[in-house]
Each structure stands twice: as C-alpha cells, then as structure tokens.
Amino acid sequence: MGVTRRIIFPALRLLVWAVIAVALVRIAFDGADLDTTSDALTPTGSVSEPTVAAETGTITNVVTVQGAVVADPAVVARATLAGTVSKVLAADGAAVQAGTPLLEIRQETPQEPIVKTDPVTGEQTTTERKPKVTVEVVKAPVGGTLAMPTLKDQVLSVGDEVAKVSPGTLSVSGTLTPDQQYRLIGAPTTAQVTLNGGPAPFECTGLRIGAPATASGQQPDDGATTSTSGALTCAIPAGVTAFAGLGASMQVTNGEAKDAVVVPVTAVQGSVQNGNVWVVAAEGDEPEQRAVKLGLTDGKSVQITEGLALGDTVLQFIPVPGGADGEVDCDDPAQYDPTVCGG
C-alpha cells in the first residue's frame, strides 16, 4: 500500500497533467482552419431607421409640478393723496378686515384771495380765503394682521407705503420648466395638491402662472443650471392644515383628447402648435419632411390634429442635423451639433 501511494499515484497524476498540457498546446496553435478565400466575413446586414405608424389613442395632458407651501406675502397699503396724516385709525398689530379704515390724510390747497372794487370810489377790498381741504381715507387692501409704521402729522406723497397687511394665508408654489409652461397654456384655475405627510389630496384654487422667484446668489446644490421659465401658484383653502415649508405636489389636468391621431414625441420636431415629421411612403424610399399641427401631449405621445392620417408611417426618431434636413451650419448656435461639428 505504501508503494502505491508513494510511486503509482504520483506517476498517474503526472501522466494526466501531461495529456492536458498537450491538448491545450494543440488547441492554441492549430485553431480553426479559416478559408480566406470564402466570403464568410463579408458584412451582409444593413442599417435601417426605425419607423412607427400613426395610431389612435387617448391623451390626457397632466402636468405634475413639485413645490412647497409658502406664506402669502403681506399686501401693501399706499397713500392715494399727497398731504399730512391727520388721524391714525388702526393700531399696529391689529387684526383688520378688507376695507377697514387705517388712517386719514389731509391735504390743504391755498386759494387765491377775493378782490372786490368799489364802483363809486374805486377802492379795492381783499378778502382772504381759507385753503381748500381734501381728506382721503386709506383702507386695508385685504384682511389680516396690520403693520402700521406711519405716524400722525407725517407728510406723505402719492404712492408712499403707509402700512402692510399680512393675510395669514398659505399657498403652494413650484417652478415650471419651459416644456411644462407650454403644456399649461390655457390651464384651468384649480389643481390637485398633495402635501408631503399631510392630509388627503385636495383641490387648490386660484391657480396662476407668474415669474419664477429668484434668490440673489442662490445656486443649485449640484452646481447645474436648472432651466425654469415660470412659477405655478395656487391658494390652499381654509380648513386644510398646512405649514410653510412643507413639500407638495401639484397636479394640473389641462385637457383630454379621445380617439386622436397620435405618434411618439420622439418622432416630432417641435412640441407645441406646429411641428415636423418625416413620412416614409414605402420601404426603401427616402423619408419626406412634412409640417403638422400639434394638439395635446402627455410627455410620451403627441396628438396630430392636421397633416398626418391614421396609419401613416413616420420615422420614430427625427433625423440628426445634416441628415434629411440638409447640411449643418456649425457657425449657427441653433444648428450646432457636436457629433457633426467636432466638439
């Protein structure tokens, strides 16, 4: 048994490894016998641009905007008459209603004296006249908490700020991208709002689009430039518990089109009102650019209202600059394409 372990088994292992080594060398150096005269390596495939057919579908234009709860800004009350404050009618910090008298402005305008001449003696008599007095009452523009810095006997000019009223109400506000703002043309005045960690979704009223708020020196966290073109704001109704700073989501439904002719947004150059598609009449034909009228979009598909019929075949992706659209002018920033212009 000792001879078997010490001599026979080691000899067998060496034999097996030798056979494996020979096999590997043969595989490495012999390889496959390629016939260089054959056309096996000749490419026979062809590259074709993907196409898609116009089909019917239902498009619901729903725009979702991320925002936050903000306190409504104080509303300024301004002087509408140049003069002196004769009376302060409301105290600083008071709770006022819209239309509550805040202060009284008195304006005195001198009048020319009355001069009379005696027809017999020719003697003139001058009678001084009292100045013309005009009184204007400034009222609270909205209801809320009053901040009144104006004092009695203070001289004011027309347009001077005399008080501020903080309404104590809240709104939801979020920024819009250009694409979202286009999709909200003709939007309704309400939105569905969901507060992070808050009550069930509710209807927010007074929906409006304004200029985006900018903070001086504020930069995005990642250093990237975010393209914003507007701010979407709506009022939180009374009875809904919310706090300034809470995150919120606004969902606006701006139209629905049923049984519409639709294609993917990737097939259309343009996103609102007018666009271009590239129609493929038959297999192998060059695509033909065609102008179309656009309707609603949901971000994935777009409605074609004019210029394309059901079943028409178009390129799934618009041609790159320099393709079906002609040569690229690299000096034109609107046409510049790094893949064509090299940079």
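1. Arg106 is partly exposed in this predicted model, with a relative accessible area of 34%. Its side chain meets that of Glu108 in a salt bridge, with an N to O distance of 3.1 Å. Glu108 is likewise partly exposed, at a relative accessible area of 48%. The value for Glu108 counts as partly exposed because exposed means over 50%.

2. A search of the whole structure finds three salt bridges, and the pair described above is one of them. As a general remark, side chains of opposite charge can pair when their charged atoms come close.

3. Lys152 and Asp153 form another salt bridge, in which the closest N and O atoms lie 3.5 Å apart. Are these two residues buried or exposed? Both Asp153 and Lys152 are exposed.

4. A further salt bridge joins Arg290 to Asp312, with 3.5 Å between the closest N and O atoms. This pair links distant parts of the chain, as the two residues are 22 residues apart. Arg290 belongs to strand S20, residues 288-297, whereas Asp312 sits in the loop between strand S21 (301-306) and strand S22 (313-315).

5. The surroundings of the Arg290 and Asp312 pair also deserve a comment. Asp312 has a relative accessible area of 21% and is partly exposed. That figure is not counted as buried, because buried means under 20%. Arg290 is partly exposed as well, with a relative accessible area of 26%.

Technical notes:
Residues numbered from 1 in each chain as written. Predicted model: local features only at pLDDT ≥ 70, side-chain atom pairs only at ≥ 80, totals over all residues. Heavy atoms only, no water. Salt bridge = Lys/Arg side-chain N within 4 Å of Asp/Glu carboxyl O. Buried < 20%, exposed > 50% of the residue type's maximum accessible area, 1.4 Å probe, protein only. Helix = DSSP H or I, 4+ residues; strand = E, 2+ residues; numbered from the N terminus.
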